[in-house]
Amino acid sequence: MSERKIQLLGPIEIRQLAEELDLNPTKKLGQNFVHDPNTVRKIVKAADVTASDTVVEIGPGLGSLTLALLETGASVTAVEIDPRLAERLPATLVEQGADDADVAVILKDAMTVTVQDFVDSGRPLPTALVANLPYNVSVPVLLHMLEEFPTIDRVLVMVQLEVADRLAAVPGSKIYGVPSVKAGFYGSVSRAATIGKNVFWPAPKIDSGLVRIDRYADGEQPWAAELLDREQLRREVFALADAAFLQRRKTLRAALSGHFGGGQAAEQALRDSGIDPTLRGEKLSTEQFVQLAVTSLRNDPRGAQ
Ligand code: SAM
């Protein structure tokens, strides 16, 4: 753990780094860099990061959030896809007062990062995911990380405002959908602060929102722990959610008829799960999707695709 005084990056340092790297931020990689120390501190605070955490950060970019994470004394492993940024980062962190023993950078697409990458680079497995996620892949990256790293018990991510609201939406609301159900499978999801556009360089067109997920410990889920293979259950819940929301206006009976091999079979499975088949998917909680998945797997233990 570092006891040095860390200097966070402000607009001047961000501009200097961008000039040095001849950086032309790309939309494709969601490259909007935070140049406001208050914002990165707010993210770290909302994540409750402490010195005992081993944090994984996706997309460290120029290092704004990485430095705020290191300021707590936590150790950080950062996963960056852009080689220019990954290469420059360690020097930036040291220049700003961090101890390079507290941090490592893995040059990789976060969608493909695995536990093995951490083992190979001698890094401790993460207890928390804290990131300003690249916007175009934010939900798939988030779900990949939760699935690949069961050691992550806390998530605090900055995403587009609309995505933040979708992730934390409750059943019955217009924006409740696949991301809400899938994130809710892992833990309790809540919205934290809204962040304005002007804390970024370059400024995006829309505001951002913070989302926190506290993973359920085994047995802590709101649904009964069934004697089922967890991965099989997850796949079935995700397949049902995908099918139920593919055409949101359809009743569950109609939307799930393909999944169950006919309308009648879908109706039976829904009734067996205590769910009204004339409802739409948007009314079903994650807990009810789990109940339906359990019924489905009992009827056909080979499970979904
Ligand atoms: N954390 C920095 C900050 O707050 O200023 C940068 C955040 S910026 C929104 C997103 C970062 O994710 C960029 O550095 C970008 O290069 C990186 N990135 C984009 N796609 C990625 C991927 N698939 N895997 C890892 N990093 C990615």
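In this predicted model, the side chains of Arg 271 and Glu 267 form a salt bridge, with an N to O distance of 3.0 Å. Both residues belong to helix 12, which spans residues 263-272, and they are 4 residues apart, about one turn of the helix. Arg 271 is partly exposed, having a relative accessible area of 48%. Glu 267 is likewise partly exposed, at 22%; the value lies above the 20% under which a residue would count as buried.

A second salt bridge joins the side chains of Asp 165 and Arg 191, at 2.7 Å from N to O. This pair links distant parts of the chain: Asp 165 is in helix 7 (residues 161-167) and Arg 191 is in strand 7 (residues 187-195), 26 residues apart. Asp 165 has a relative accessible area of 30% and is partly exposed, and Arg 191 is partly exposed at 28%.

The side chains of Asp 82 and Arg 84 also meet in a salt bridge, with 2.7 Å between N and O. Here the partners fall into separate classes: Asp 82 counts as buried because its relative accessibility is 5%, under the 20% limit, whereas Arg 84 is partly exposed at 34%.

Salt bridges also occur as a network, which links Glu 147, Arg 230, Glu 231, Arg 234 and Arg 235. Across the whole structure, 20 salt bridges are found.

An annotation places part of the chain in a wider context. An unreviewed UniProt entry lists residues 39-217 as "domain: Ribosomal RNA adenine methylase transferase N-terminal". Over residues 39-217, the chain is 35% helix and 26% strand, and the C-alpha atoms at the two ends are 30 Å apart.

Definitions and conventions
Residues numbered from 1 in each chain as written. Predicted model: local features only at pLDDT ≥ 70, side-chain atom pairs only at ≥ 80, totals over all residues. Heavy atoms only, no water. UniProt positions renumbered as here; feature names shortened; annotations may be inferred. Salt bridge = Lys/Arg side-chain N within 4 Å of Asp/Glu carboxyl O. Buried < 20%, exposed > 50% of the residue type's maximum accessible area, 1.4 Å probe, protein only.
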